[in-house]
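Trainee: I would like to learn how to read a ligand site in a model, beginning with the pocket around it. Could we go through it together?

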Amino acid sequence: MKWRTAISVQKDGELYMRGVRLVDLIGKASFVEAIFLALQGRFPKKNETKMLDAVFVSLIEHGIEVPSAFVARSVASTGNSANAAIAAGVLAMGDFHGGAIEGAARYLQSKETPRGIVAQALKNKEHLPGFGHKVYKTEDPRTHALFEKARELKLPQTYIMRARAIERELKRASGNGIPLNIDGAVAAVMSELGFGWRLGKPFFILGRLPGLIAHIEEEYQNEKPYRRLDSEDVEYVGLPIKKHNHK
Ligand SMILES: CC(C)(COP(=O)(O)OP(=O)(O)OC[C@H]1O[C@@H](n2cnc3c(N)ncnc32)[C@H](O)[C@@H]1OP(=O)(O)O)[C@@H](O)C(=O)NCCC(=O)NCCS
């Protein structure tokens, strides 16, 4: 069976991506424009390029404390090369870290009403992806910045307004002002830009990769190999310790 692709083709010794000669893109298209072209098969408009650029900037870094960063650094510290450390960092992402963009974009792009979306999450005692944060308890400043940019760039506001409507409904139904976080904001903006929900996790990876690589490189440059937890950070909760003479 043939492997079919509409992404690119080699013709007469040249690579064409989405019908455009790769060498014609070099130095002319920005990285963000090329990413848009690869994923959607068309060049973005000027405001779309600026918006997508802002999305990736908003995701680029969030501290050594987050699982993908410290896991990547641990794996780098035990003598692995950068590709293994990057892969480990990416695998540390999940539904509660970075992965929520996918879930949020999925319900934003669904036909379900804000009331239905919130009711189902509360009934199942599930955390609604795209809401809540370990640090930002009332407002995620990145959400505000992204939505301000979207307004300034005159982007459509359909999914952004839907995300805010879900935020209001979550507050009404749970009595708790759980804020729309960066994952929820990125989910709304990527939906406005025409990207499907399955690209949620890849979007987080695309944006966070430079930050992750910076952590890995810093680990190699500045730290001694072999990271270990401090014993003060570990609590033993097992059986009482006793001498045992095994016969
Ligand atoms: C990020 C997250 C793990 C933070 O959890 P946390 O620190 O326990 O959050 P809080 O302590 O502020 O939660 C306060 C209350 O709001 C609830 N809550 C938090 N996030 C919620 C959400 N997304 N949907 C519904 N309820 C939520 C908690 O269950 C808690 O309720 P309780 O007091 O009855 O137990 C959590 O909000 C979450 O799972 N969010 C969804 C995943 C997500 O978007 N992740 C990306 C983060 S950038």
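Trainee: How many residues line the largest pocket, and which of them lie nearest its centre?

Mentor: Before that, please keep in mind that this is a predicted model, in which local features need pLDDT of at least 70 and side-chain atom pairs count only at pLDDT 80 or more, while totals for chains, interfaces and linings use all residues. Residues are numbered from 1 along each chain as its sequence is written, and side-chain values use heavy atoms, with hydrogens and water left out.

Mentor: On a 1 Å grid over the protein atoms alone, a pocket is an open set of points where a 1.4 Å probe fits, with protein on both sides within 12 Å along at least five of seven lines, and lining residues have an atom within 4 Å of a point. Here 43 residues line the largest pocket, and Phe96, Phe131, Gly132, His133 and Asn181 lie nearest its centre.

Trainee: Which element gives the largest share of that lining?

Mentor: Helices here are DSSP runs (H or I, at least four residues), numbered from the N terminus. The largest share, five residues, comes from α6, and the chain as a whole has eleven helices and three strands, where a strand is a run of E with at least two residues.

Trainee: Where does the ligand sit?

Mentor: A molecule sits in a pocket if more than half of its atoms lie within 2 Å of the pocket's grid points, and by that test the ligand sits in the largest pocket. Of the 17 residues around the ligand, counted when a heavy atom lies within 4 Å, His127, Leu128, Gly130, Phe131 and Lys137 come nearest.

Trainee: Which ligand atom does the side chain of Lys137 approach?

Mentor: A polar contact is a pair of N or O atoms within 3.5 Å; a polar side-chain atom of Lys137 lies 2.9 Å from an oxygen atom of the ligand. Backbone atoms take part as well: a nitrogen atom of the ligand is 2.8 Å from a backbone N or O atom of Leu128, and a polar backbone atom of Phe131 lies 2.8 Å from a ligand nitrogen.

Definitions and conventions
A polar contact is a pair of N or O atoms within 3.5 Å; within protein, one must be able to donate a hydrogen and the other to accept it, and residues adjacent in sequence count only if both atoms are side-chain atoms.
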